[in-house]
Amino acid sequence: MLAQRAEDVAAMLLPEGARQGREWCVGSLGGEAGASLKVHLGGSKAGVWADFATGESGDLLDLWAGVRGLTLTQAIAQVHAYLGLREHRIENPGRSYRRPSREGVSSLPPQIAEWLSTVRKISPETAVRFKLASRKGALMFPYLRGGELVAAKYRKVPAKEFFVDADCEPCLFGWQALTGRERSVVLCEGEMDALAFAEYGVPALSVPFGGGNGAKQARWIESEFDRLSQFDTLFLALDDDLAGQQATAEIVKRLGRERCRLVTLPRKDANACLMDQIPRDEIVAALSASRTLDPEQLRQASEFADALVEEFAAAVGQEAGIRLPWQKAGDQVVLRPEEVSIWLGVNGHGKSQGMGQVTLGALVQDYRCCVASMEFKPVKWLKRMVRQATATEQPTAGYVRHVAHWFHDKLWVFDTTGTAKVDVILEVFAYAARRYGVQFFLIDNLAKCGFDEDDYSGQKRFVDRLTDFAKEYSVHVALVHHMRKGETEDKPGGKLDAKGSGGITDMVDTCAVWWRNKPKERAIKKARLKREEPEEDVLGKPDALLLFDKQRNGECEPTFALWFDQRSTQFLAHVRERPTRFVCPAVADDLGPTRA
Ligand SMILES: Nc1ncnc2c1ncn2[C@@H]1O[C@H](COP(=O)(O)OP(=O)(O)OP(=O)(O)O)[C@@H](O)[C@H]1O
């Protein structure tokens, strides 16, 4: 987008320059008139520039950063503003971290400096660049970012014992040695390796918690996600053991396959290369020989370790996936990762209400969820959910805050009402999956995703994209969709009654129907108008049915009878059951007079 406006950008950044043919010419990044720096204004090279006096070159983003003396992250922010782009993203509300103590921090004692240079081959210059220090007699690796001490790790020398300051922000090590203008960086597995890469003149950052997957990578990725956007290429040089491979797989999944490259070093890690006096040329060659991670490439069988464990667990009844929030449903229905489910129903038949409860169930099962409800403003939707979570019609302010706090790090909402364009939904969902590791996405509903009512092929394409998205990010997507009313809503319909193209229900893995027992409601109303008590057998009938009409990977297609509790708006599994409190109050007082 920026390249298309190369001339405007060049003229704005370098107003003393002048157009000569197809180039903008100026003296240097300083901006004075001249002709040693030239910017291409059109064609496939639009925006590419070179300063023939200094040998510097780059694209428009580098030019922006260079002229204004900014880091790339700062330049990216200005470019977004210039292009009028608002990033579609969801933020995690601020968290607070502790900063490491500076008490007792001193410069490197001679024996540690000696160990670094003679044993580990790290020069005193590199130690100074990384501001290595000492505390409690140990080597201190300061995690400095923009001059601020964000975290710290300590290593006893020569013993390989580590300790850290507790509760600091999980972040990468080595920002202090970067200029802020790099377009590529190596991610490695250890502070000593980041130092070794620096020794080789290669910019590198180290992951903070070593190899492995899950939270070990998820926590720093969440913190550093935006800052890493300055890099077009991430060279992954983690250890070639199982933990390193797991970390690599997780980083690729979250930071983007397209910009990650796998590096194989001549020794087990960068510091081992340095200690073995591997020359710089060989390290540079290893970076150029790094392989891309195209999906069709041969993959290491060990990458499948997690999937294999899950596969075996599935065989003994612990299949990964979200269960419905009613005990009686057991394992009959599983909302599996990599699958899409569709939840049908006629207007007012409890789709949104029911899906709120399904989402609550997923949260309780420790799945991170993201809800795009274009039917309601987030606060209205959340209000319904809090009522279900507390099993109370009017929870106290303290209880509401407690539930809101419980949602932290578990639940994200897509903040749009009305219709949302599918590209935006998918962009935001991909961000949430990558940055926050969200595993369950709810879209309520298809009609609000920006299609014309008769745009069946558009709707079908979107569902197809959802199935790809679910597979790519290994998440479950639940899509709410309207059903044709037909002649009567007194009988539950099936997947063939979904509005629009039948292709939609063909594509998804699971198809469910929410049906509200309107005949029962009418019978009760009629009896009450006559001032009679409704008959026992009418009262015992369920208020709603949840029918599964398709489960591609399940053994059965069950139907669940449910009873609707007006006060909590929960659907209950049995006629005289009491609503469940999904989140218990922090203090007993919050149960208030409306104790459920
Ligand atoms: N079985 C039921 N018995 C009584 N009330 C119900 C039942 N199911 C849902 N409701 C109530 O009906 C109202 C509409 O429910 P909900 O918004 O979930 O419907 P929906 O199917 O999502 O409708 P729409 O298609 O219009 O979005 C809500 O106030 C809900 O609490």
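Here is a friendly note on the ligand site, the nine-stranded sheet and a few backbone details of this predicted model.

1. First, the ground rules. Because this is a predicted model, local features need pLDDT of at least 70 and side-chain atom pairs count only at pLDDT 80 or more, while totals for chains, interfaces and linings use all residues. Residues are numbered from 1 along each chain as its sequence is written, and side-chain values use heavy atoms, with hydrogens and water left out.

2. The ligand has 18 residues around it, and Gly 348, Lys 351, Ser 352, Gln 353 and His 482 come nearest (near means a heavy atom within 4 Å). Helix H12 (residues 351-364) gives the largest share of this shell, three residues; helices (H or I, at least four residues) and strands (E, at least two) are DSSP runs numbered from the N terminus. By class, the shell holds four nonpolar, eight polar and six charged residues, where Ala, Val, Leu, Ile, Met, Phe, Trp, Tyr, Cys and Pro count as nonpolar, Asp, Glu, Lys and Arg as charged, and the others, Gly among them, as polar.

3. Please look at the side chains facing ligand oxygen atoms. Polar side-chain atoms of Ser 352 and His 482 each lie 2.8 Å from an oxygen atom of the ligand, and for Arg 516 the distance is 3.0 Å. The protein covers 80% of the 640 Å² of accessible area that the ligand has on its own (Shrake-Rupley method, 1.4 Å probe).

4. Now the sheet. It is open, with mixed pairing and nine strands in the order S19-S18-S20-S21-S17-S22-S23-S24-S25; strands pair if DSSP finds at least two bridges between them. S19 (411-413) and S25 (570-572) stand at the edges with a single partner strand each, so one side of each is left without a neighbour in the sheet. From one strand to the next, the twist averages 25° (axes are lines fitted to C-alpha atoms, for helices over the stretch in contact, and angles run from 0 to 180 degrees between N-to-C directions).

5. S20 (residues 440-444) and S21 (residues 476-482) pair in the parallel sense over five bridges, and Ile 443 stands opposite Leu 479 in S21. Helix H15 (residues 422-436) packs on the sheet, touching S18, S19 and S20, and its direction makes about 160° with that of S20 (contact means heavy atoms within 4.5 Å).

6. Finally, two peptide bonds deserve a look. Val 157 to Pro 158 is cis, with omega near 5°, and Asp 444 to Asn 445 is also cis, with omega about 10°. Asn 445 sits in the loop between S20 and helix H16 (456-473).

Notes:
A polar contact is a pair of N or O atoms within 3.5 Å; within protein, one must be able to donate a hydrogen and the other to accept it, and residues adjacent in sequence count only if both atoms are side-chain atoms.
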